[in-house]
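Visitor: Could you take me on a close look at one part of this model, the place where protein and DNA meet? I would also like to hear what lies around it.

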2 protein chains.
Amino acid sequence: MGRPTIADIARQAGVSKGAVSFALNGRPGVSEETRTRILRVAEEMKWRPHSAARALGGARAGAVGLVLARPARTLGLEPFFAQLLSGLQAGFSVHSTALQLLVVEDTAAEIEVYRRWASEHRVDGFVLVDLQVRDPRIDVLEELGMPTVVLGGPGKHGKLPSVWADDREAMLSIVEYLAALGHRRIAHLAGLPAFQHTQRRIRALRDAAKRLGLTEALSLPTDFSDAEGAAATRTLLARRERPTAIIYDSDVMAVAGLGVATEMGVAVPGELSIVSFDDSVLARIVHPPLTALSRDTFTLGEQVAQTLLAVLDDPAAAADLKTPTPRLTVRESTAVPRR
Amino acid sequence: MGRPTIADIARQAGVSKGAVSFALNGRPGVSEETRTRILRVAEEMKWRPHSAARALGGARAGAVGLVLARPARTLGLEPFFAQLLSGLQAGFSVHSTALQLLVVEDTAAEIEVYRRWASEHRVDGFVLVDLQVRDPRIDVLEELGMPTVVLGGPGKHGKLPSVWADDREAMLSIVEYLAALGHRRIAHLAGLPAFQHTQRRIRALRDAAKRLGLTEALSLPTDFSDAEGAAATRTLLARRERPTAIIYDSDVMAVAGLGVATEMGVAVPGELSIVSFDDSVLARIVHPPLTALSRDTFTLGEQVAQTLLAVLDDPAAAADLKTPTPRLTVRESTAVPRR
DNA sequence: CTGAAAGCGCTTACAG
DNA sequence: CTGAAAGCGCTTACAG
């Protein structure tokens, strides 16, 4: 007879469809006794909700969207995103909410997907990452009226609630550590300049350099790729006055940089200290293992999920959430500079 | 007035809802002229389909599922999966089909998700990966009657169509290359023994060793983690008669192994040759860059997507697809053994 | 606390 | 080729 519907349950239990719906959704409107009976029947008949019917009836789609803009072929889903994804899923799955993931070519395509999924009622909300300096996505999402949680901040994300960590403090802690070791020439292989967090880190380095009286503190923008990370490292190490420490905005670039140093015969950490802004298995498996900024990205994902679920339940609940500032895990890629 | 529905379009165009539906879906039942007019009106009104309503009406959910069983916290989505995911999405998005991704703890949970998503009509089909030796998922998916494409083979996947590459041939090409260089003691850090492809590779190495008259050809199973990859490498390199070459079943393990060799002062490739069964940015960014088996994982993903879409269109179209055998990309981690 | 009914926005036989 | 109607499986006012 195919899958059972609430009509089947209603007939079996001798009540109306409405009563079944109330009972199944834990809403008032049925007596405790009736509810129990209905739930038992539903269980016996192995009833499962039909997600499309639920969504049509006016309830939620039961899914949220995460859209990442990156060229399809070059997608090396970074460890950071892998961990974030895990955390998001763990957080959402507690409330049986699915995560719809899509990777698109660029921001324009990303916006198109937001419009499409919203108008198709495919998702109930969005998670927004990679906050840009002047981010065109913010306006679109606000206009669409879709519940959205932004990963990143503080500030610059319209009225959308955000979950953020203090990138500035994090960068300061790295620079202070390197300065304490005696480093005076520090380079920073930054990410895409269009990203807000890239700008924050660059500014933090500049400010710290002035305060600590460093000789040099250079931020070089990259596209986050291993290729640019390697190329920029090569350029830096080929200079006469080369930096004694390089801070990399991602673990992939840091490992690529380490590879270049090894290839050029520059000893790490003897002649060059390396710090990665992201910690991951990558930072651990190379030799020497990299000093890196550790944060609990899995938990971060869970928190983003919880924040979005809270907004879905009650739009007025939207509030920014600051997460703990990442801490430096010192491994073997950093040391007192030789000279 | 909120989002337009086909009823609005019908009114505006002076036709019935049915006619609008036919026109919008490119089905026969309306004249070319009427169709054009309806499409224009839909365009003007910025109509978009409501996915839930479509699904309820009996059409497709417009989404397919990919469920990965791995412990949530340890999820380092490997480069292989990142690439595969990209390809899958590229392939599915051509037909506006979304990919619903979920990471679960184990196979039991994975099966539960298949049952749930199927009964909720949340997806139209599944992509199955990480084929196991006696895979309980096959029976479940066949019983559910869900269109499914298996990544892996040949054989051992019931009546479900599969897209596969020849792992045996691939392993043979590696061993033959190493033997030609003069290696006689070769070790193989294999993946989880429960996986079919692990068994295939182990068998291929054993067969090749016999044929080529190798002194030693040892396969050690691991859990694919960098930790076990490192530990096993350490054990191998500490032996009196250590292997002159190690084949790693994943890039993450190969990089971890390279780290251990560096740490132990074993020169690569002078004293130890390293080959990775998976190529990726990881294999390229370390120093020395790793000789690895290259395959076009992105295209593989696209092919899996196309195969599933074909099955969704016509269940009778199910057919296995063999993809090109991966080829060895020789880099700097392999050489003639020193002694 | 409960029932009967309408409605969500589509698709799909069934008549004409 | 086209129209009017029923139906997909839920949810949600609205009466009682």
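Guide: Here is a walk along the DNA surface, followed by the contact between the two protein chains and a few backbone details.

Please keep in mind that this is a predicted model. Let us begin at DNA strand C, which has 24 residues around it; those that come nearest are A:Gly29, A:Ser31, B:Lys17, B:Ser21 and B:Arg27. Of the strand's atoms that come within 4 Å of the protein, 65% belong to sugar and phosphate.

Three side chains of chain B show this backbone contact in detail. An N or O atom of the B:Ser21 side chain is 2.5 Å from a phosphate oxygen of DNA strand C. For the side chain of B:Arg27, the corresponding distance to a phosphate oxygen is 2.8 Å, and for that of B:Arg54 it is 3.0 Å.

Which helices of chain B are involved? Both α2 (17-24) and α4 (51-56) of chain B supply at least two residues each to the surface near DNA strand C. The largest share, four residues, comes from α2(B). Sorted by class, this surface has 11 polar, eight nonpolar and five charged residues.

Now to the partner chains. Chain A puts 51 residues into the contact, and chain B puts in 51 residues as well. Together they bury about 4,500 Å², with 55% of that on carbon and sulfur atoms. Four salt bridges are counted between chain A and chain B. One of them pairs B:Arg284 with A:Asp226, whose closest N and O atoms are 3.5 Å apart. On chain A, the elements that each supply at least two residues of the side touching chain B include α4 (51-56), α5 (79-93), β2 (98-104) and α13 (297-313). That side of chain A has 25 nonpolar, 14 polar and 12 charged residues.

Finally, some backbone details. The peptide bond from A:Val268 to A:Pro269 is cis, with omega near 10°, and A:Pro269 sits in the loop between α11 and β9 (273-276) of chain A. In chain B, a cis peptide bond joins B:Val268 and B:Pro269, with omega about 10°.

Two residues of chain A that are not glycine have a positive phi: A:Lys46, near 55°, and A:Asp130, about 55°. A:Lys46 is in the loop between α3 (32-44) and α4 of chain A, and its relative accessibility of 68% makes it exposed. A:Asp130 lies in the loop between β3 (125-128) and α7 (136-144) of chain A; with a relative accessible area of 16%, A:Asp130 is buried.

How values were computed: Residues numbered from 1 in each chain as written. Chains lettered and ligands numbered in written order. Predicted model: local features only at pLDDT ≥ 70, side-chain atom pairs only at ≥ 80, totals over all residues. Heavy atoms only, no water. Near = heavy atom within 4 Å. Polar contact = N/O pair within 3.5 Å; in protein donor to acceptor, adjacent residues only side chain to side chain. Nonpolar A, V, L, I, M, F, W, Y, C, P; charged D, E, K, R; others polar. Contact = heavy atoms within 4.5 Å. Buried area = accessible area lost by both parts, 1.4 Å probe. Salt bridge = Lys/Arg side-chain N within 4 Å of Asp/Glu carboxyl O. Buried < 20%, exposed > 50% of the residue type's maximum accessible area, 1.4 Å probe, protein only.
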